[in-house]
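Welcome! Take a look at the sequence and structure, and then let's walk through some questions together.

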Amino acid sequence: MASTTQTNAAEGPVAGLTSRWASAAADTPAIWKILSLALIFGAWEIAGRTNFNYAFPGFLETMAALWEMIADGSMGAAYLRTAEPLVLGLVISLAIGVSSGVAMGLRRDVEWLTLPIFITMQAAPMAALIPLVTFVYGIGLASKVLAVVMLSLPVIAINSYKAVRNVPSSLVDMSRSFMGSRRQQVFGIILPAASPMMFAGIRLGVAEGFSGAVLAELLITPTGIGDLITYNRSIAKFAHMYAAIFSIVALAVITVSLLHRLEVTLFRPEKRGV
Amino acid sequence: MNVTHLSESRAHSAPAAGDAARDAIIEVEGIHKIYGGSVTALENINLDFHRGALTSLLGPSGCGKTTLLKILAGLLQPTSGEVRVNGTPVTGPGPERAFVFQDFALMPWATVLRNAAYGLELRGVSLREREERARHYIDEVGLSGFEDKYPHELSGGMRQRVGLARALAVDADVLLMDEPFSAVDEQTRRKFQEDLIRLREIEKKTFLLVTHSIEEAVYLSDRIVLLSPRPGRVAQIVTPEIDRSGDPDAIRRTPEYLDLIDEIWAGLRTYVE
């Protein structure tokens, strides 16, 4: 009790109030997430009902359209098509991105040779290159996979590289001083120590991969979820168009959150309880 | 009286270096370290470190004391000169030396037990044996009950105790400690210093301690090597003769302790602007 009074006196009544709110939030994180979603969807519903734009459906109308598309199987079929370039592209990006990023972090010569390529790829507006890719690889699967890779690979590679470079040197020295081999240093110290930043890059890369997949389906040939968006737009079924967009956003968010879970279970046992 | 005593002891230490050479566990001969071709960190360092003694490397920042310790550990290569441990030239880290890091260097993803056993893990000791030995040293540094905690759940002082347990567990002859108490608060530091004196009685190892604290060096050391900065050179070697067998707190009140601190400060203040 005494300590609470002291804190309030030190931080003022406002800070005391916010910290009480914050601690309540920490106790019930699920409620806060739901509340935040409810606020956004509520605002969406209100905006839809004001009829400021005839092509802007409200939240409930969109959800009804989403349910309709799930029920009639068109959504499932679309995702089966979209998943193909997305999953293939992400697997390629992860394999090449993580391994080349780690190699660049560990070896100066690889860094010199490879880093400029990834920096250029990250800086260049990749969407502008998609027509070029279509020109070379046609309108099939290869182009779409390449679109996913072009967007997700540089982020994953550069973050993996930076993650390895940012490993505290005293940890590596520690492993050396206890006569750890280079292999033991890399697998026992550098990779686990780099994993939080590396996974942050992977999450960003996967999110980019989702935009790559949708971009490819919008710009190259309309298939899968891209087709649902363009088709429903062309026939003015805007609630269905928004439902398709909403579904891909939701899927991306869920995938990225699952990746975070995976990271914690695989590499960060100390964060499991938190 | 104390001054006479001190100058005697110092006068004594110069010829003693020759006598004690046969008992030197680490010999440092003509070490130079130049960074980037222009910055001289260490210049012509010649030293012996005696077996079973605690020697401090003391000096202001920039005197190269940590560089010297890392050269002794084999983590850095000298530009010229040679270090021998038990008569064998040092080319890299070795099993007879263990390092205690200033920032603890604990693996945040591993428990106290696994961190303390890490040196043994690298050497391929079986899980059961290394955990048994790690538990023993965790207990010895006063951390029993914390084996399954993670570093972020410990205070700075406790983390450094894990670092110390890890270094003790590999049973090296020499413990190289790089400012082990500098990232720890004053109260914890005092307790830690007292524990180190007690630990030395049990472990009978050779300790090398890098520190910038005069009090710490005088409190703990059998021998203090004073380094002068830019370039790092050996300025003076002092041999405190302080009886550490009794109450650890009483040491801080003995005239030998207090006078030696003043004397060393008088010598060092010329290097500090």
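## A strand pair, a core and two chains

In this predicted model, Tyr35(B) stands opposite Val39(B), a residue of β2(B).

Q: Which residue of β2(B) stands opposite Lys33(B)?
A: Strand β1 of chain B covers residues 24–35, and β2 of chain B covers residues 39–50. The two strands run antiparallel. Opposite Lys33(B) in β2(B) stands Leu42(B).

Q: Which residue in the hairpin of β1(B) and β2(B) takes a positive phi?
A: Eight bridges join β1(B) to β2(B). The hairpin has three residues between these strands. The residue with a positive phi, near 55°, is Gly36(B).

Q: Which are the edge strands of the open sheet in chain B?
A: Four strands form this sheet, in the order β2-β1-β4-β5, with antiparallel pairing. An edge strand here pairs on one side only. The edge strands are therefore β2 and β5 of chain B.

Q: How many residues of chain B are in contact with chain A?
A: Contact here asks for C-beta atoms within 7 Å. On the side of chain A, 15 residues meet this cut-off. Their partners in chain B number 17 residues.

Q: Which element gives the largest share of the side of chain A that touches chain B?
A: Two elements of chain A, α8 and α9, give two or more residues to that side. Its residues divide into seven nonpolar, four polar and four charged. The largest share, six residues, comes from α8(A).

Q: Which elements of chain B do the buried residues of α8(A) pack against?
A: Helix α8 of chain A spans residues 169–177, and its buried residues include Leu171(A), Asp173(A) and Met174(A). Within chain A, the buried residues of this helix pack against α9. In chain B, they pack against α2 (65–73) and β6 (97–100).

Q: Which helix gives the most residues to the largest nonpolar core?
A: This core holds 130 residues, and Ala116(B), Ala165(B), Leu176(B) and Leu208(B) touch the most other members. The largest contribution, 15 residues, comes from helix α7 of chain A.

Q: What does Leu208(B) touch, not counting residues up to four places away in sequence?
A: In soluble globular proteins, nonpolar side chains tend to be buried together. Leu208(B) is one of the core members that touch the most others. With sequence neighbours up to four places away left out, Leu208(B) touches Phe49(B), Thr55(B), Leu57(B), Leu69(B), Leu72(B), Val174(B), Leu176(B) and Met177(B).

Terms used
Residues are numbered from 1 along each chain as its sequence is written. Chains are lettered from A and ligands numbered from 1 in the order in which they are written. This is a predicted model: local features need pLDDT of at least 70, side-chain atom pairs count only at pLDDT 80 or more; totals for chains, interfaces and linings use all residues. A residue is buried if 20 or more other C-beta atoms lie within 10 Å of its own, exposed if 12 or fewer, and partly exposed in between; C-beta atoms are placed from the backbone. Two residues are in contact if their C-beta atoms, placed from the backbone, lie within 7 Å. A nonpolar core is a set of buried Ala, Val, Leu, Ile, Met, Phe, Trp, Tyr and Cys residues joined through C-beta atoms within 7 Å. Ala, Val, Leu, Ile, Met, Phe, Trp, Tyr, Cys and Pro count as nonpolar, Asp, Glu, Lys and Arg as charged, and the others, Gly among them, as polar.
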